[in-house]
Amino acid sequence: MAFPITRLRRLRQTEPLRSLVRETRLSPESFIYPLFVCPGEGVRKAVGSMPGVSNLSVDQTVQEAREAYSLGVPGVILFGLPEKKDEVATGAWAEDGIVQRAARALKKEVPGLVVIADVCLCEYMSHGHCGIVKAAGSDYEILNDPTLEILARTAVSQARAGVDIIAPSDMMDGRVGAIRRALDAAGFANTPILSYAAKFASGFYGPFREAADSAPQFGDRRSYQMDGANLREAMREIELDIEEGADMIMVKPALPYLDVIAAARERFDLPLSAYQVSGEYAMIEAAARNGWIERERVILESLLSIRRAGASLILTYYAKEAARLLG
Ligand code: PBG
């Protein structure tokens, strides 16, 4: 051999050696488990496009959360399927709304569990948009500022129900500031905000919209969620949310936006989370069902890559299972 070979393979020979030099580690304490709460009792309604994920009534939500918690998963994030939808998202901010009821039960039944609530209106609006819609003939507009008030009201009612962290995902401008002011005014100055700061308009949300019954009935979300082409704009979104009072930030989806996670980690010092969304989950499940990938291996590899990119917390439908695999 004419040239000297640098032997990186020396440290790859055995698992103990590989483990010794491993740069990134995955552990259940970085997982947040998303749960879809629905009306009724004893209900576990499977979501077709997300095998293994179900809509859960409050009692089942408690059971599922307890199980995850006992495996070392520190927190859950709640999404609600209300009894009724309307044009002002009543179900989102009602004191006895589905998420509010679930939060009360969880705080009582699983002490220590961090309860996060998603703040958005799409699940509660008859039209499935994340804000108030002003229709004008065949045209429509999603109204920004009037929506802020409903989002703020939702956040306050969730805090009242005992929610530990408020997580706005609507992507209206100014919502973090509006929610912060409302929480402070209502006596919840100590309730943190986890902002879905860089949330992209993504095809990967498809299965979630089945799970949360929240697909827009017309149009799409491109006038409020971000264009997938824009990294610099993502930094600006995050920066503004921090200025408005966000305590934690999120990038979403995760795997197709690892560069955004890495850039956010480089630039901002707040706790950074990433959401492995429904479509990322569904892809793994579908390929595994076909025998095309090794399911458990790919689950852990995808989660590890999100951590390596720089996210300290991962919202993942695999939280419970990955915790078990790691345990
Ligand atoms: C609400 C919301 C969505 C998701 C989280 N919060 C759907 C959307 O924006 O359409 C998606 C999560 C997932 O796909 O797992 N706006």
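1. A residue is called buried here when its relative accessible area is under 20%, and by that cut-off C122, with a relative accessible area of 5%, is buried. The model under review is a predicted one, and the values below should be read as computed from it.

2. The cysteines deserve a careful look, since a reader new to the structure may ask how many disulfides the count comes to. The count comes to zero disulfides, where a disulfide is taken as a pair of cysteine sulfur atoms within 2.5 Å. C122 is in no disulfide, and the nearest cysteine sulfur, which belongs to C120, is 3.9 Å away.

3. C38 can be treated in the same manner. Its closest cysteine sulfur is that of C122, and because the two sulfur atoms are 17 Å apart, the separation is too far for a bond. C38 is also buried, with a relative accessible area of 8%.

4. Turning to the ligand, which residues come nearest to it? There are 18 residues around the ligand, and of these K199, R209, K252, S278 and Y317 come nearest. The shell around the ligand divides into 10 nonpolar residues, three polar ones and five charged ones.

5. Individual atom pairs give a finer view of this surrounding. An N or O atom in the side chain of R209 is 2.7 Å from an oxygen atom of the ligand, and for S278 an N or O atom of the side chain likewise lies 2.7 Å from a ligand oxygen atom. On the nitrogen side, a polar side-chain atom of S169 is found 3.5 Å from a nitrogen atom of the ligand.

6. As for how the ligand is enclosed, the protein covers 100% of the 400 Å² of accessible area that the ligand has on its own. Where the ligand sits can be stated as well: its place is in the largest cavity.

Methods:
Residues are numbered from 1 along each chain as its sequence is written. This is a predicted model: local features need pLDDT of at least 70, side-chain atom pairs count only at pLDDT 80 or more; totals for chains, interfaces and linings use all residues. Side-chain values use heavy atoms; hydrogens and water are left out. A residue is near a molecule or strand if one of its heavy atoms lies within 4 Å of it. A polar contact is a pair of N or O atoms within 3.5 Å; within protein, one must be able to donate a hydrogen and the other to accept it, and residues adjacent in sequence count only if both atoms are side-chain atoms. Accessible areas come from the Shrake-Rupley method with a 1.4 Å probe; for residues, only the protein chains shown count as cover. On a 1 Å grid over the protein atoms alone, a cavity is a set of points where a 1.4 Å probe fits but cannot get out, and a pocket is an open set with protein on both sides within 12 Å along at least five of seven lines; lining residues have an atom within 4 Å of a point. A molecule sits in a cavity or pocket if more than half of its atoms lie within 2 Å of its grid points. Ala, Val, Leu, Ile, Met, Phe, Trp, Tyr, Cys and Pro count as nonpolar, Asp, Glu, Lys and Arg as charged, and the others, Gly among them, as polar. Buried means under 20% relative accessible area, exposed over 50%, partly exposed in between (1.4 Å probe, protein chains only).
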